[in-house]
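I opened this notebook to record what I looked up, entry by entry. The topics are rings, cores, helices and a few single residues.

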Amino acid sequence: MLKKTVVVLSVLFFLFALFPDHYANAAASSKPLLKKGMRGTYVKKLQTDLKTLGFFYVTPTGYFGSITRTSVVKFQKKYSLMVDGIVGPQTHSTIDKLLGRTGSAKITSRSGSQNRNLLVPWFDNAENILYRGSTAKIIDIDTGLSFKIKRTYGYNHADCETLTASDTAVMKKIYGGQWSWSRRAIIVVVNGRRLAASMAGMPHAGREDLKSDIWVNGWRTAGYGEGYNFDRVKGNNMSGHFDVHFLKSKTHGTNRVDEGHQSMVYKAAKSGY
């Protein structure tokens, strides 16, 4: 009996190795079909997954309403699936592959074949994963040091602030104890998703001692004069925010892609983190 069980398991492992996509789709087919009007833990898990992938922008509730259906439709269009707003085996399987939950991570989208990696374009993608108000962890490639941040501002790229004074101390240590505009290759970890990025270590345009978003007539950090106070996280020993760039993001001043930041983004993508 034991010998027969071992043989059966060996055959199953062999088949899975030969046809991983087939059995991944079979696993996906075991999940319930989800559509508008439904509610429950499966719906909430779907919303959480779509939010991680940058297609769902509100707090998961477990109710499949109009917002969820619109998110599903956008996802299906992106990955050349049947666009019906219903989550069946193909949509389940594609989500699993993108999140690395199956043996195959290669996905076909309207832009062609894509390999799941750390290079995620900023516009319409990374900007929705690291959305305003979200928190994340930054890992510095060269030192391995990490600290926590919150995205508070920015549209061409992410303007971020450290969460605590301890996080600020780590960030400053990475820059040798002095703030600098130098670009550094980093990994941004958001809800388990890793993104290749680049940061400039110069807090700017803010005042820790003043209320956020008010007009400041005098000096703001990094030589910025009068303007709005871009400092929302208080008590972190940092005045203002610092820049975090992703693939194809742009500067606010020039509205152009910064090659220095892009070089660091690619370095981060190749780092193996």
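**Entry 1. A charge over a ring.** I began with Arg184, which sits over the face of Tyr175, 5.6 Å from the ring centre. I note here that the model is a predicted one.

**Entry 2. Whole chain.** I listed the secondary structure next: the protein chain has eight helices and ten strands. Of its 273 residues, 45% count as buried. I then looked at contacts with a separation of 6 or more, and 55% of them come from residues 24 or more positions apart. The exposed area of the protein chain is about 14,100 Å², with 56% of it supplied by carbon and sulfur atoms.

**Entry 3. Nonpolar cores.** Which residues have the most contacts inside the largest nonpolar core? I found Ile138, Val188, Met199, Phe242, Val244 and Phe246, in a core of 24 residues. Two or more residues each come from helix 6, strand 3 (135–140), strand 4 (146–153), strand 5 (158–162), helix 7 (165–174), strand 6 (183–190), strand 7 and strand 10. Another core lies apart from this one; it has 16 residues, including Val72, Tyr79, Ile95 and Leu98.

I picked Val188 for a contact list. Leaving aside neighbours within four places in sequence, Val188 is in contact with Leu130, Ala136, Lys137, Ile138, Arg193, Arg194, Leu195, Ala197, Val244 and Phe246. Val244 and Phe246 also appear among the residues with the most contacts inside the largest core.

**Entry 4. Aromatic pairs.** How many aromatic pairs are there? I count seven. I looked at Phe75 and Tyr79: their ring centres are 5.1 Å apart and their planes are at 50 degrees, so the pair is tilted. Phe75 has 0% relative accessibility and therefore counts as buried. Tyr79 is at 10%, so Tyr79 counts as buried too.

I then turned to Trp122 and Phe246, whose pair is stacked, with 5.3 Å from centre to centre and 15 degrees between the planes. This pair links distant parts of the chain, 124 residues apart: Trp122 belongs to helix 6, while Phe246 is in the loop between strand 10 and helix 8 (259–269). Trp122 counts as buried because its relative accessibility is 0%. Phe246 is likewise at 0% and so counts as buried.

I also noted a cluster, in which ring pairs link Phe55, Phe75 and Tyr79.

**Entry 5. Helix 3.** I checked the span of helix 3 (residues 41–52). Its twelve residues reach 16 Å from the first C-alpha to the last, close to the 16 Å expected at 1.5 Å a residue. The residue Gly54 follows the helix and has a positive phi, near 90 degrees.

Which residues of helix 3 are buried? I have Val43, Leu46, Gln47, Asp49, Leu50, Lys51 and Thr52. Their cover includes helix 4 (66–78), helix 5 (89–98), helix 6 (122–129) and strand 7 (193–200).

**Entry 6. Helix 6.** I made the same kind of list here. Trp122, Ala126, Glu127, Asn128 and Ile129 are buried in helix 6. What do the buried residues of helix 6 pack against? I find helix 3, strand 4, strand 5, strand 6 and strand 7.

**Entry 7. Gly85.** I located Gly85 in the loop between helix 4 and helix 5. Is Gly85 buried or exposed? Its relative accessibility is 1%, and it therefore counts as buried. Gly85 touches Phe64, Arg69, Val72, Val73 and Gln76, with residues up to four places away in sequence not counted. For Arg69 I looked up the C-alpha to C-alpha distance from Gly85, which is 5.2 Å at 16 residues apart in sequence.

**Entry 8. Phe230.** My last residue was Phe230, in the loop between strand 9 (227–228) and strand 10 (242–245). Phe230 counts as partly exposed because its relative accessibility is 27%, and buried would need under 20%. Beyond its neighbours within four places in sequence, Phe230 is in contact with Tyr153, Glu161, His204, Ala205, Gly206, Arg220, Gly240 and His241. I took Ala205 from that list: its C-alpha is 5.8 Å from that of Phe230, with the two residues 25 apart along the chain.

Notes
Residues numbered from 1 in each chain as written. Predicted model: local features only at pLDDT ≥ 70, side-chain atom pairs only at ≥ 80, totals over all residues. Heavy atoms only, no water. Helix = DSSP H or I, 4+ residues; strand = E, 2+ residues; numbered from the N terminus. Expected span 1.5 Å × (residues − 1). Buried < 20%, exposed > 50% of the residue type's maximum accessible area, 1.4 Å probe, protein only. Contact = heavy atoms within 4.5 Å. Phe/Tyr/Trp six-rings, centres within 6.5 Å; stacked < 30°, edge-to-face > 60°. Lys NZ or Arg CZ within 6 Å of the ring centre and 35° of its normal. Areas by Shrake-Rupley, 256 points an atom, 1.4 Å probe, with all protein chains shown as cover. Core = buried A, V, L, I, M, F, W, Y, C linked by side-chain atoms within 4.5 Å.
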